[in-house]
Amino acid sequence: MKREVSGGCGIMLLVFSLLMIICGIFAVIEMRSEGDGADGALGLLVFVALLSPFIYWGYVMLHKFLHPGQPVQLTKNVKRCGAAALIALTLFAIWAALKGNHGDITPKNITEISQETNQPKDSVVITEVMEGDPYKELDELIGLESVKEEVHTIANFAKIQQQRKAQGLKVPKMSFHLVFTGSPGTGKTTVARIVARIYKDLGILKSGHTVETDRSGLVAEYVGQTATKTNAVIDSALNGVLFIDEAYALVPENAGSDYGQEAISTLLKRMEDDRDKLVVIIAGYPDEMKRFIDSNPGLQSRFTRYINFPDYTDKELFDIFQLYLNKNQYTIDNDAAKLLKENLDYVVAHKTKNFGNARYVRNIFERAVEQQANRLSAKRSISDDELSVLTKEDINNAFKARK
């Protein structure tokens with residue numbers, strides 16, 4: 001009876017240890033997929049070390065059951081199996097710790113922090129510097145002629161001042177911070193990214209990346225947290241451009257005491273402390289941005305250059321739609337093109353303050369593609385041309401769905 005109890009306990013301990021190790025392995029795999037592979041690997045090895053006494057006791061009990069009267073010793077097969085298991089676990093731990101396709105053991109940047117499921121969904125996007133000629137990309141943008149002229153003027157001025165400085169001549173102080181005013185969908189974010197790359201090309205900024213945010217990315221929920229949150233976003237924007245969309249939301253109308261003021265104070269201090277490695281571009285509706293700038297003398301002194309982004313004309317909106325067609329390998333027949341022009345002409349003539357401009361056109365394009373899919377889904381055989389062409393019916397249904 002004593003032998004049977006010993007054998008049963010030994011088997012239970014070994015099975016328990018095996019199940020715990022298997023559960024630990026699955027836990028590490030899950031942690032690796034979430035970017036915590038290094039911590040999981042270390043934890044697994046520590047866990048196995050803690051389980052070692054239970055594994056040994058189980059082996060001792062099982063040995064006594066199978067070999068009564070014989071001294072307990074580790075046989076060659078047990079040593080080989082144990083060594084193989086230890087090596088396998090070590091290799092697994094190394095694999096889990098290494099950066100792979102799904103895991104990342106590098107510190108999380110502000111973008112990743114803002115997307116954590118247990119955090120509020122802050123709007124913070126970091127756009128790294130893209131290859132290519134930013135001046136050419138600026139000139140190729142549809143419309144925005146006055147905007148292009150202003151950006152080129154800034155670039156030319158900075159270039160000449162650098163040449164004066166190189167020759168020992170006096171250089172007047174110039175602020176590279178900008179205010180973009182205009183309706184939604186007029187290209188403000190796109191131009192901000194291009195400006196950041198132009199500033200890098202001119203040597204004004206070392207990196208030239210952009211950090212795009214709004215009130216939710218800067219203002220916290222409780223007293224004393226906003227400064228920390230704002231500083232974290234600014235830190236990620238150093239040597240690049242901090243682009244704050246709808247910046248006027250930091251000072252709500254008739255809001256009284258608001259944490260947005262703490263974000264502004266923090267921003268103004270950092271603009272002074274890091275003036276050689278931080279450029280701030282703020283954007284929003286013209287009237288709201290004027291109210292925002294006028295609300296604080298510090299903002300008035302630092303933001304002195306305004307660039308207005310006009311709404312797109314109906315022709316420019318049609319060209320933007322055509323751009324979406326080309327990028328996504330679609331075409332449009334003549335009847336559909338005519339209907340599209342008529343609808344865009346009507347929309348522009350009756351637009352409201354919140355009209356989305358290019359965003360509106362993108363939405364119409366996406367709806368038209370969906371309507372094409374609905375139309376073709378009932379067919380058994382579909383040609384390449386049918387898969388590529390948007391018809392008058394698709395355009396008409398897209399505008400109806402948008403209303």
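I take two strands as paired if DSSP finds at least two bridges between them. The model I am reading is predicted.

**Entry 1: strand pairing**

I started with strand β5, residues 278-284, and looked up its neighbours. Strand β4, residues 240-245, is joined to β5 by six bridges, and the two run parallel. I noted two positions along this pairing. V241 stands opposite V279 in β5, and I244 has I282 of β5 as its bridge partner.

Next I looked up strand β2, residues 178-182. Four bridges join β2 to β5, again in the parallel sense. Here L178 stands opposite I281 in β5.

Then I went back to β4 and asked which strand β4 pairs with over four bridges. I found strand β3, residues 210-213, and this pairing is parallel too. T210 stands opposite V241 in β4. V241 thus appears in my notes with two partners, T210 and V279.

**Entry 2: cover on the strands**

Are the residues of β5 buried or exposed? I find seven of its seven residues buried. In a regular strand the side chains alternate between the two faces of the sheet. I therefore wrote down the two sides of β5 separately, with L278, V280, I282 and G284 on one and V279, I281 and A283 on the other. Every residue on both sides is buried, so both faces of β5 are covered.

I checked β4 in the same way. Six of its six residues are buried, and I entered β4 as mostly covered.

**Entry 3: aromatic rings**

I searched the whole structure for aromatic pairs and got eight. I wrote out the pair of Y330 and F365: the ring centres are 5.9 Å apart and the planes stand at 85°, so I list the pair as edge-to-face. Y330 is in the loop between α13 (314-327) and β7 (331-332), while F365 is in helix α15, residues 358-376. The two are 35 residues apart, and the pair links distant parts of the chain.

How accessible is Y330? Its relative accessibility is 18%, and the cut-off for buried is under 20%, so Y330 counts as buried. F365 has a relative accessible area of 7% and is buried as well.

A second pair I wrote out is F355 and Y360. Their ring centres lie 5.2 Å apart with the planes at 50°, so this pair is tilted. F355 is buried at 7% relative accessibility, and Y360 is buried at 11%.

I also looked for rings joined into a group. Ring pairs link F321, Y324, Y330 and F365 into a cluster.

**Entry 4: charges over rings**

I looked up charged ends that sit over rings and noted two cases. The charged end of K341 sits over the ring of F318, 4.9 Å from the ring centre. The charged end of K353 sits over the ring of Y285, and the distance to that centre is 4.8 Å.

**Entry 5: a nonpolar patch**

Last, I turned to the surface. Which residues make the nonpolar surface patch of about 430 Å²? I have I11, V15, L18, L19 and I22. I11 lies in helix α1, residues 2-33. I checked the cover on I11 and found a relative accessible area of 44%. Buried means under 20% and exposed means over 50%, so I entered I11 as partly exposed.

Notes: Residues are numbered from 1 along each chain as its sequence is written. This is a predicted model: local features need pLDDT of at least 70, side-chain atom pairs count only at pLDDT 80 or more; totals for chains, interfaces and linings use all residues. Side-chain values use heavy atoms; hydrogens and water are left out. Patches are made of residues with over 30% relative accessible area and no salt bridge: like charges are joined within 9 Å, nonpolar side chains (Val, Leu, Ile, Met, Phe, Trp, Tyr) within 5 Å. Accessible areas come from the Shrake-Rupley method with a 1.4 Å probe; for residues, only the protein chains shown count as cover. A salt bridge is a side-chain nitrogen of Lys or Arg within 4 Å of a carboxyl oxygen of Asp or Glu. Buried means under 20% relative accessible area, exposed over 50%, partly exposed in between (1.4 Å probe, protein chains only). Rings of Phe, Tyr and Trp (its six-membered ring) pair if their centres lie within 6.5 Å; planes under 30 degrees apart count as stacked, over 60 as edge-to-face and the rest as tilted. A charge sits over a ring if NZ of Lys or CZ of Arg is within 6 Å of the ring centre and within 35 degrees of the ring normal.
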